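Trainee: Got a minute to go through this model with me? I'd like to talk about charges, pockets and surface.

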Amino acid sequence: MPFQIPFKFSGSSSDATIAARSRPSKMMGYDQPLVWVTVLLMLFGLVMVYSASIALPDSPKFAYLGDKNEYFLYRQAMYIAVSMAAAAVVFQIPVAVWQKWAPMLFIGTLVLLVIVLIPGIGHSVNGARRWLPLKFMLLQPSEIMKIAVVLYAADFTVRKQEYMHKLTKGFLPMMVAIGLVGGLLLMEPDLGAFGVIVCIAMGILFLGGINIVWFGGIGALLVLIFSTIIALSPFRRARMFAYLDPWEEGNALDKAYQLTHSLIAFGRGEFFGVGLGGSVEKLFYLPEAHTDFIMAVIGEELGLAGVLVVIAMFYWLVKRAFDIGRQAIALDQIFAGLAAKGIGIWIGVQTFINMGVNLGLLPTKGLTLPLMSFGGSGVLFNCVGLAILLRIDYENRVRMRGGRT
């Protein structure tokens, strides 16, 4: 009697597997929540810029605006539109291209930092020479440098991975580059941007596996350098003493004027604010209410509730950047992973400094709130950085599907 198989193979399991593979993946092609949070922050910022700036044409400083109360609203809307268009273009550029051109982008931005210091070319505002005048906006090279440092530090870490535990080949070259950037920024002067850039570079090197002893030593040295810069600069030293005792009469009417009025704004806002548009501090009491101190206006008009919503959105944005970076590294895309985390460090550190200054946790320093404060360069390059982050996430998704980028 011939051998017979005691059961009949139906093929149902194999058919189900083939059918499952033939169905399209439910994974989205790009990170929609990341896009929506970014857009919501910009639109929220647009509303608050309008509210904070609506009375500015009545000030002698802005008398040239006449009765154009919507001037800053229209300008910010234009900046957002241009930024979103630029982000759409940047999203099309593969991450490998950014890695290839990272050193040249860094060198090119260094040249811009030199050009901005040339009298007659660089545009000066309130004694600071930080902008290059273009027909439709003022370009701030320090904003470009934040992106350039993210990409350059990530590329440097990948190229020098075997030397990351050595001082001369692993740490020193990056510190020389950042020192050069710092020297140029301090000539503008722009200590805030220098601080953010140092945090970006140090953060990426730390994540890239730098020797912890050298990292701690250089960190202590940087603290000493920043302390020395403040000690040797009379106006920075005066700001520091005013920050330590802002309500002293002489400080409250001078170096701590912005800080005290910012704190008054938060105090007036209490839990739910005085209502959108109801801020008193924006009526020429709080300087730069539509730029560096927009968070104080949010606190006054929308209260603690509005402040917590903004903090939650930025927290989610930074956490998402680190999640994308972690996924890229898991897929053996080290440059992409470090760049993603570097963008998260950039947004997180700048947001923390701006909010810390507004709340009196840090000494007063002119640094905008990413995506929300008025300004063309800030919004533009924030969007460019987030477009690169979105591209990294997109390539992660393609690789997880088994595709190639």
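**Salt bridges and spaces**

Mentor: Start with Arg320, which is buried, with a relative accessible area of 19%. Keep in mind that this is a predicted model.

Trainee: 19%, okay. Which residue forms a salt bridge with Arg320?

Mentor: Asp393 does. The closest N and O atoms are 3.2 Å apart.

Trainee: Why does that pair tie together separate parts of the chain?

Mentor: Asp393 sits in helix H14 and Arg320 in helix H12, so the bridge joins parts that are 73 residues apart in sequence.

Trainee: And Asp393, buried or exposed?

Mentor: Buried, with a relative accessible area of 4%. The cut-off for buried is under 20%.

Trainee: Which arginine forms a salt bridge with Asp393 at 2.6 Å?

Mentor: Arg397. That 2.6 Å is the distance between the closest N and O atoms.

Trainee: How many residues apart are Arg397 and Asp393 in helix H14?

Mentor: Four, so about one helical turn separates them. Arg397 counts as buried, because its relative accessibility is 10%.

Trainee: Which residues are joined into one network by salt bridges that share partners?

Mentor: Asp31, Arg320, Asp393 and Arg397.

Trainee: How many salt bridges does the count come to?

Mentor: Twelve. Another of interest is the one between the side chains of Lys282 and Glu301, at 3.1 Å from N to O.

Trainee: Where do Lys282 and Glu301 lie?

Mentor: Lys282 is in the loop between helix H11 (257–269) and helix H12 (294–330). Glu301 is in helix H12 itself. The two are 19 residues apart, and the pair links distant parts of the chain.

Trainee: Are those two buried or exposed?

Mentor: Lys282 is buried, and Glu301 is buried too.

Trainee: Switching to pockets. How much space lies in the second largest pocket?

Mentor: About 250 Å³.

Trainee: Which elements give two or more residues to its lining?

Mentor: Helix H2 (32–53), helix H3 (71–91) and helix H14 (376–400). H2 gives the most, with five residues.

Trainee: And which residues lie nearest the centre of that pocket?

Mentor: Val35, Thr38, Ala87, Ala387 and Leu390. The lining of the second largest pocket has 14 residues.

Trainee: What does that lining look like by class?

Mentor: Twelve nonpolar, two polar and no charged residues.

Trainee: What about closed spaces? How many cavities of 30 Å³ or more does the structure hold?

Mentor: Three. The largest cavity has a volume of about 40 Å³.

Trainee: Which residues line the largest cavity?

Mentor: Going along the chain, Thr368, Leu369, Pro370, Leu371, Met372, Ser373, Phe374 and Gly375, then Gly378, Val379 and Asn382. By class, that lining has six nonpolar, five polar and no charged residues.

Trainee: Last topic, the surface. Which residues make the nonpolar surface patch of about 470 Å²?

Mentor: Val97, Trp101, Met104, Ile107 and Val111.

Trainee: Take Ile107. Which helix is it found in?

Mentor: Ile107 is in helix H4, residues 95–115.

Trainee: Why does Ile107 count as partly exposed?

Mentor: Because its relative accessibility is 47%. Exposed would need over 50%, and buried means under 20%.

How values were computed. Residues are numbered from 1 along each chain as its sequence is written. This is a predicted model: local features need pLDDT of at least 70, side-chain atom pairs count only at pLDDT 80 or more; totals for chains, interfaces and linings use all residues. Side-chain values use heavy atoms; hydrogens and water are left out. On a 1 Å grid over the protein atoms alone, a cavity is a set of points where a 1.4 Å probe fits but cannot get out, and a pocket is an open set with protein on both sides within 12 Å along at least five of seven lines; lining residues have an atom within 4 Å of a point. Grid points are joined across faces, edges and corners, and a volume is the space filled by probe spheres set on the points. Ala, Val, Leu, Ile, Met, Phe, Trp, Tyr, Cys and Pro count as nonpolar, Asp, Glu, Lys and Arg as charged, and the others, Gly among them, as polar. Patches are made of residues with over 30% relative accessible area and no salt bridge: like charges are joined within 9 Å, nonpolar side chains (Val, Leu, Ile, Met, Phe, Trp, Tyr) within 5 Å. Accessible areas come from the Shrake-Rupley method with a 1.4 Å probe; for residues, only the protein chains shown count as cover. A salt bridge is a side-chain nitrogen of Lys or Arg within 4 Å of a carboxyl oxygen of Asp or Glu. Buried means under 20% relative accessible area, exposed over 50%, partly exposed in between (1.4 Å probe, protein chains only).
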